[in-house]
Amino acid sequence: MSEQSAEIETALAPIQSDVLAGTRHGFFTRRGGVSEGLYAGLNCGAGSGDRPEAVAENRARAATCLGLTAQALAGVHQVHSADVLHVAEPQDGARPRADGLVTATPGLALGILTADCQPVLFADREAGVIGAAHAGWRGALGGVLEATLEAMETLGASRNRISAAIGPSIGPDAYEVDAAYRDHFVAEVPESASLFKPGKPGKYLFDLPGFGLSRLRAAGVGRATWTGHCTYGAPDLFYSYRRSCHENAPDYGRLLSAIRL
């Protein structure tokens, strides 16, 4: 690691997961960024109303933290789908519509943006294959996690060697949903009933990271974990779409999670 990368990593202090040890990665928080006001901190979402130059600088800082240039940080235009993109070279600014990325190309990083949804990073160190997925409830229910694993396998990964880490997401004590949501979900995945617990009258609390872990484990990954960080309950560290709605805020920042070869 260069001296510059080390200094920026200290300032940004991204969250890391033990299951991805040995693979350079980070679940970045709001720390260390240049955005101001509503977006104060490390807002990496070009789709937000933040100043483009601030977002570009924040992304560059995150890339430097990973030992790369911003041009080597790949991303997608996320649409809550199960579509996965194979990235083999720098994107030159392109952002195809998808919600997962995979690569076996050294020197590339895969980035996902979230603000309550699950950012999931994957690695098969032996095969030299990595992946990243944006998994809100729609994407997770629609199969984006399984599709990312399948795409990694086409590059030589083996799912029993793959480690997967879910980063900061809305936690099980903060994600309130209505009965219609619960009924729809349980109709699609009956075993998910245990992930809902009663909340206020007519409401339930849903364990989204628990659902992500159950899907990953059922798919046969070698190791899967959640970092345990709730985006809703820590405004100094994380952006949260749901918190912004409850506060009647006009917009919100986006957190970057990234992994590189």
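Here are some notes on the predicted model above, going from the whole chain down to single residues.

1. Overall make-up. The protein has 7 helices and 13 strands. Its C-alpha atoms fit a box of roughly 55 × 45 × 30 Å along the principal axes. The radius of gyration is 17 Å, which agrees with the value near 18 Å for a compact globule of 261 residues.

2. Inside and outside. Of the 261 residues, 52% are buried. The accessible surface adds up to about 11,100 Å², and carbon and sulfur atoms account for 49% of that. If you take the contacts between residues at least 6 apart in sequence, 63% of them link residues at least 24 apart.

3. A three-stranded sheet. One open sheet to look at has 3 strands in the order 9-11-10, paired antiparallel. Strand 9 (176-178) and strand 10 (196-198) are the edges, each pairing on one side only. On average, neighbouring strands here are turned by 45° against each other, ignoring direction.

4. Inside that sheet. Strand 10 is joined to strand 11 (residues 203-206) by 3 bridges, and the two run antiparallel. If you want a landmark, find K197: the residue opposite is L205 in strand 11.

5. The helix across the sheet. Which helix lies across these strands? Helix 5 (residues 179-188) does, touching down on strand 9, strand 10 and strand 11. Helix 5 runs at about 85° to strand 9.

6. Helix 1 against helix 2. Helix 1 (residues 3-12) packs on helix 2 (residues 52-65) at an angle of about 115°, and their axes are 8 Å apart. The crossing is left-handed. On the helix 1 side, the contact uses Q4, S5, I8, E9 and L12; helix 2 brings R61, A62, T64 and C65. When you look at those numbers, remember that residues three or four places apart in an α-helix point the same way, because there are 3.6 residues a turn.

7. Helix 4, mostly covered. How many residues of helix 4 (residues 144-154) are buried? The count is 8 of its 11, namely V144, L145, E146, A147, T148, L149, A151 and M152. Note that E146 is on that buried list, as is T148.

8. What does the covering. The buried residues of helix 4 are covered by several elements, including strand 3, strand 4, strand 6 (118-124) and strand 7 (129-135). Helix 3 (137-142) and helix 6 (208-218) are also among them. Just after helix 4 comes G156, with a positive phi near 110°.

9. Two backbone angles to check. Most residues other than glycine have a negative phi. D92 has a positive one, near 55°, and sits in the loop between strand 3 (84-86) and strand 4 (100-103). N248, not a glycine either, has a positive phi of about 55°; look for N248 in the loop between helix 7 (241-246) and strand 13 (255-260).

10. Are those two residues buried or exposed? D92 has a relative accessible area of 78%, so D92 is exposed. N248 reaches 69% relative accessibility and therefore counts as exposed too. The cut-off behind both calls is a relative accessible area over 50%.

Note on methods: Residues are numbered from 1 along each chain as its sequence is written. This is a predicted model: local features need pLDDT of at least 70, side-chain atom pairs count only at pLDDT 80 or more; totals for chains, interfaces and linings use all residues. Side-chain values use heavy atoms; hydrogens and water are left out. Two strands pair if DSSP finds at least two bridges between them. Helices (H or I, at least four residues) and strands (E, at least two) are DSSP runs, numbered from the N terminus. Axes are lines fitted to C-alpha atoms, for helices over the stretch in contact, and angles run from 0 to 180 degrees between N-to-C directions. Contact means heavy atoms within 4.5 Å. The radius of gyration is taken over C-alpha atoms; the globule rule is 2.2 Å times the number of residues to the power 0.38. Buried means under 20% relative accessible area, exposed over 50%, partly exposed in between (1.4 Å probe, protein chains only). Accessible areas come from the Shrake-Rupley method with a 1.4 Å probe; for residues, only the protein chains shown count as cover. A crossing is left-handed if the near helix is turned anticlockwise from the far one by less than a right angle, and right-handed if clockwise.
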